[in-house]
Amino acid sequence: MVLPIYLYGAEVLRENAADADLAQKDYLTSLVADMQETLRSADGCGLAAPQVGVSLRVLIVDGDVVSETYDYLKGFRRTMINPVLLEASEETREYSEGCLSVPGIYADVRRPAKIKVEYYDENFQKQVEEFDRFACRMIQHEMDHLDGNLFVDRVAPVRKKLIGRKLSGIARGKVSPRYKTRSK
């Protein structure tokens with residue numbers, strides 16, 4: 001089922017998400033399936049549960065959407081339940097980011113170039129994996145959502161001031177993305 005994506009200004013996007021209860025396998029499997037369908041319908045490359053109004057530590061990423069630009073991401077998909085950042089490199093990279101919850105706004109964000117993450121996959125198996133390049137970027141962006149952070153929180157203060165009016169408009173529902181959304 002396609003779920004509405006909560007927009008900038010919604011309280012759920014600012015909450016510290018709770019750990020998902022791994023014993024609730026049917027619920028989590030259904031949530032992940034709905035998130036995958038929602039992500040496909042919005043043509044995005046990542047989605048965290050808080051973005052669909054569920055304050056749980058669950059995220060998905062799908063590199064196929066950006067594989068024309070980053071060919072190494074063809075077929076790259078991850079479901080992460082209760083991800084934990086184990087390591088982050090001191091070396092950083094800057095990329096332009098956007099977000100389904102903040103439509104129409106893009107900004108350069110500096111993040112660690114490599115990370116190591118422990119998580120449970122869609123089969124509830126524990127994984128420990130290292131990521132770099134744009135896969136690293138997608139995962140860090142979505143993990144931020146689990147802690148109530150948005151990419152616009154990481155931009156330079158001058159840039160944040162420049163996009164302030166647009167952010168206020170999104171918070172008031174003055175935006176019309178082509179996917180299903182919810183303001184509060």
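Before anything else, a word I will use throughout: a residue is called buried when its relative accessible area is under 20%, exposed when that value is over 50%, and partly exposed in between. With that in hand, let me take you through this structure, which is a predicted model, so please hear every value that follows as computed from that model.

I will begin with the overall picture. The protein has three helices and nine strands, and if you follow the chain from the N terminus, the elements come in the order β-α-β-β-β-β-β-β-β-α-α-β. The C-alpha atoms fill a box of roughly 45 × 35 × 30 Å along the principal axes. For 184 residues, a compact globule would be expected to have a radius of gyration near 16 Å, and the protein, at 16 Å, agrees with that expectation. Of those 184 residues, 46% count as buried. As for how the chain meets itself, if we take the contacts between residues at least 6 apart in sequence, 67% of them join residues at least 24 apart.

Now to helix 3, where the word buried is needed straight away. Within this helix, I163, L167, G169 and I170 are buried, and the buried residues of the helix pack against strand 6, which covers residues 102-112. In general, an α-helix has 3.6 residues a turn, so residues three or four places apart point the same way. Helix 3, which spans residues 157-171, also has a kink of about 50 degrees, centred on G164. Just after the helix, G173 takes a positive phi of about 80 degrees.

Strand 6 leads us on to its partner in the sheet pairing. Strand 5, residues 92-99, runs antiparallel to strand 6, and seven bridges join the two; in this pairing T92 stands opposite P112. The two strands form a hairpin, with two residues between them.

In the loop of that hairpin, between strand 5 and strand 6, we find S101, and here I would like to pause with a question. Is S101 buried or exposed? It is buried, because its relative accessible area is 0%, and the cut-off for buried is under 20%. The side chain of S101 reaches the backbone oxygen of Y6 at 2.7 Å. Leaving aside residues up to four places away in sequence, S101 touches I5, Y6, L7, Y8, L13, Q51 and I170, and you will remember I170 as one of the buried residues of helix 3.

Two further strand pairings deserve a mention, and both involve strand 4. Strand 3, residues 58-62, pairs in the antiparallel sense with strand 4, residues 77-88, over five bridges, and within that pairing the bridge partner of I60 is T79. Strand 4 is also joined to strand 7, residues 114-120, by five bridges, and these two strands run antiparallel as well; there, the bridge partner of E87 is K116.

Let me turn next to two loop residues with an unusual-sounding backbone description. D43 has a phi near 60 degrees, which is a positive value in a residue other than glycine, and D43 lies in the loop between helix 1, residues 25-42, and strand 2, residues 46-48. F124 likewise has a positive phi, of about 65 degrees, although it is not a glycine, and F124 lies in the loop between strand 7 and strand 8, the latter being residues 126-132. As to their surroundings, D43 is partly exposed, with a relative accessible area of 49%, whereas F124 is buried, with a relative accessible area of 14%.

Finally, the cysteines, and a last question for the group: how many disulfides does the structure hold? The answer is zero. C45 is in no disulfide, and the nearest cysteine sulfur, that of C99, is 9.6 Å away. Because a disulfide requires a pair of cysteine sulfur atoms within 2.5 Å, a separation of 9.6 Å does not qualify. C99, for its part, is in no disulfide either, its nearest cysteine sulfur being that of C45. In accessibility, C45 counts as partly exposed, at 22%, while C99 is buried, with a relative accessible area of 11%.

Methods:
Residues are numbered from 1 along each chain as its sequence is written. This is a predicted model: local features need pLDDT of at least 70, side-chain atom pairs count only at pLDDT 80 or more; totals for chains, interfaces and linings use all residues. Side-chain values use heavy atoms; hydrogens and water are left out. Buried means under 20% relative accessible area, exposed over 50%, partly exposed in between (1.4 Å probe, protein chains only). The bend at a residue is the angle between axes fitted to the seven residues ending there and the seven starting there. Helices (H or I, at least four residues) and strands (E, at least two) are DSSP runs, numbered from the N terminus. Contact means heavy atoms within 4.5 Å. Two strands pair if DSSP finds at least two bridges between them. A polar contact is a pair of N or O atoms within 3.5 Å; within protein, one must be able to donate a hydrogen and the other to accept it, and residues adjacent in sequence count only if both atoms are side-chain atoms. The radius of gyration is taken over C-alpha atoms; the globule rule is 2.2 Å times the number of residues to the power 0.38.
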